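This report describes the architecture of one protein chain, from its secondary structure to its core and selected loop residues. The sequence and structure are shown first.

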Amino acid sequence: MTNQTEEIDECQLMPNMCKHGTCLNTPGSFECLCDRGFIYDENSHQCIDDNECLKGTGPCRGNAQCVNSPGHFECQCPDGYALDNSMRGCIGMYNTYLDISTGMSRSKY
Ligand SMILES: [Ca+2]
């Protein structure tokens, strides 16, 4: 003899259950398969934004500043710099070089 509880589809019952994810009905429970860039939060039972900027040293390199956004993040560069091909680091828009005759650092466009 089995003691089975009536199966409820939580996903249908609570359509807002897995915002930013896909609700998956499982026997006696449910799961949230979170969209890319979101992580499951046990407390709220929601997929919440993954703050990539707070992970370790962050995804951006050098003087690039990490800006978190829902499902994404962005690396931003200070004035005079532009994102490199990886979109994670900054490269100077001017080539700085050392002028050997004067010993001064010079920039050219
Ligand atoms: Ca994010």
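The protein chain contains one helix and ten strands. Their order along the sequence is α-β-β-β-β-β-β-β-β-β-β. The coordinates are those of a predicted model. Of the 109 residues in the protein chain, 10% count as buried. Among contacts between residues at least 6 apart in sequence, 17% join residues at least 24 apart.

**Core**

The largest nonpolar core has six residues: Cys 18, Cys 23, Cys 32, Cys 34, Phe 38 and Cys 47. Within this group, Cys 18 touches Cys 23, Cys 32 and Cys 47, when residues up to four places away in sequence are left out of the count.

**The β3-β4 hairpin**

Phe 38, a member of that core, also takes part in strand pairing, with Asp 49 in β4 as its bridge partner. The two strands concerned, β3 (residues 38-41) and β4 (residues 46-49), are antiparallel and are joined over four bridges. Four residues separate the strands of this hairpin, and His 45 has a positive phi near 55° there.

**Loop residues**

Most residues other than glycine have a negative phi. Besides the hairpin residue, two further positions with a positive phi are found in loops. His 20 has a phi near 65° and belongs to the loop between α1 (10-13) and β1 (21-26). Met 87 also has a phi near 65°, and its loop runs between β7 and β8 (90-92).

Are these two residues exposed or partly exposed? His 20 is partly exposed because 18 other C-beta atoms lie within 10 Å, a count that falls between the limits of 12 or fewer for exposed and 20 or more for buried. Met 87 is exposed, because 11 other C-beta atoms lie within 10 Å.

Pro 78 is placed in the loop between β6 (72-76) and β7 (81-83). Pro 78 counts as exposed because it has 9 C-beta neighbours inside 10 Å. Its C-alpha lies 9.4 Å from that of Gly 92, and the two residues are 14 residues apart in sequence.

The table lists the C-beta neighbour counts for the three loop residues.

| Residue | C-beta atoms within 10 Å | Class |
|---|---|---|
| His 20 | 18 C-beta atoms | partly exposed |
| Pro 78 | 9 C-beta atoms | exposed |
| Met 87 | 11 C-beta atoms | exposed |

Definitions and conventions:
Residues are numbered from 1 along each chain as its sequence is written. This is a predicted model: local features need pLDDT of at least 70, side-chain atom pairs count only at pLDDT 80 or more; totals for chains, interfaces and linings use all residues. Two strands pair if DSSP finds at least two bridges between them. Two residues are in contact if their C-beta atoms, placed from the backbone, lie within 7 Å. A nonpolar core is a set of buried Ala, Val, Leu, Ile, Met, Phe, Trp, Tyr and Cys residues joined through C-beta atoms within 7 Å.
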